[in-house]
Amino acid sequence: MDISFKRDNGPVDELIRQLMDQVGVHNPALIREMILSALKAGHEIDYPADLKLMRTTMKEMRYTSKVFRPYRKRRKVTIFGSARTPPEAPIYQKCVKFSRMLAERDYMVITGGGGGIMHAGNEGAGAENSFAVNIRLPFEQETNPVMSKDDKVLTYKYFFNRKVAFLKEANAVALFPGGFGTLDEAMETLTLIQTGKNPPVPLVLIDDDAGDYWGPWFEFVKKTLYAKGMISGEDFSLFTITSDPEEAVQVIDDFYRIYHSSRFVGNTLVIRLNRNLSEGDVKTLGEEFGEIIQPGGHLQLGAAFPEEQDEPDLFYLPRLSFPFSQRNFGLLKAFIRRINSF
């Protein structure tokens, strides 16, 4: 039989309702669509490999949410970097210092769970403040000793699921020197923030004292990508380069001084604030950042929108909302930094 997401599946709809009632589920409308998606896949797809991919993706995402759920109220920083960095390397010790300072400020860290910089990130923060988001590979890597016996270890089959976990749960991203994987993670994070597919978060590129890793990368971005018009000047607002771990932590702290988080309600960007702004502050923002506001729109202070009731723990926060241009995400990062300056 054909299966529809509309409620015209006859006895199938009733069976799904009975099943959900028997098990007990949150958000039954969403769970109903997930069940129907599985049934439609089984009805339409006869190639086992495709079904296995869907099955494993669902199982890995479910377990990701289960592990992270108890820590939802704590901010987290994802740390990327080389698995091959030895403990005696200065950049390894710099990562230990950085992650230790994050833990002291009540952040948690998320690493890939392996050796090198990943080990350093977990070592500095301690297992109690860490997650290990690992991947099954034929080489590199077993879970590092800091996290090997901890219950906040996740091991993925698929890289794309692992990448979702790295960014979905992160309130900031820190990148230390690394190989192809680190560069992939850097460029993907930049792309997702630049296109608005990931909420704006601090992206800090932490170099060694000589500045000979992210420094040359920055020169390439500036002299090739920017010079050829492949990126715009505002895209340089998407990231910060530093060789000082204290400055890196300060960049992350400052980003959340007044700004809390954001989401869209229709075409309106709703920025949630840790404290309200004055009318004068809002006027200044409008004068300085009119480019990110759609023609005819304006900045508006207010309370939560009715559509935000699905996030009740954030409902009490004051809001700054406006119809966003949907293009200038680099400028949006600069806008958030300006909010934090008041």
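**Asking how we know**

Q: Why does Asp13 count as buried?

A: Asp13 has a relative accessibility of 14%. Buried means under 20% relative accessible area, exposed over 50%, and partly exposed in between (1.4 Å probe, protein chains only). Since 14% is under 20%, Asp13 counts as buried. Please keep in mind that this is a predicted model, where local features need pLDDT of at least 70 and side-chain atom pairs pLDDT 80 or more, while totals for chains, interfaces and linings use all residues. Residues are numbered from 1 along each chain as its sequence is written, and side-chain values use heavy atoms, leaving out hydrogens and water.

Q: What makes Arg32 and Asp13 a salt bridge?

A: The term asks for a side-chain nitrogen of Lys or Arg within 4 Å of a carboxyl oxygen of Asp or Glu. The closest N and O atoms of Arg32 and Asp13 are 3.1 Å apart, so the pair fits. Arg32 belongs to helix α2 (residues 28-44) and Asp13 to helix α1 (residues 11-23), so the bridge ties together parts 19 residues apart in sequence. Helices here are DSSP runs (H or I, at least four residues), numbered from the N terminus. Arg32, at 5% relative accessibility, is buried.

Q: How do you know that Glu14 and Arg17 are separated by about one helical turn?

A: They are three residues apart in helix α1, hence the separation of about one turn. Their side chains also meet in a salt bridge, at 2.5 Å from N to O. Glu14 has a relative accessible area of 33% and is therefore partly exposed; Arg17, at 40%, is partly exposed too.

Q: Why is Lys223 called exposed?

A: Its relative accessible area is 59%, which puts Lys223 over the 50% limit. Its salt-bridge partner is Glu219 (3.4 Å, N to O), which at 29% is partly exposed.

Q: What makes Leu51, Leu53, Met54 and Phe160 a nonpolar surface patch?

A: Patch residues have over 30% relative accessible area and no salt bridge; nonpolar side chains (Val, Leu, Ile, Met, Phe, Trp, Tyr) are joined within 5 Å, like charges within 9 Å. Leu53, at 36%, is partly exposed, so Leu53 passes the 30% limit. The patch covers about 320 Å², with accessible areas from the Shrake-Rupley method with a 1.4 Å probe, only the protein chains shown counting as cover for residues. Helix α3 (residues 48-68) gives the most to the patch, three residues.

How values were computed. Helix = DSSP H or I, 4+ residues; strand = E, 2+ residues; numbered from the N terminus.
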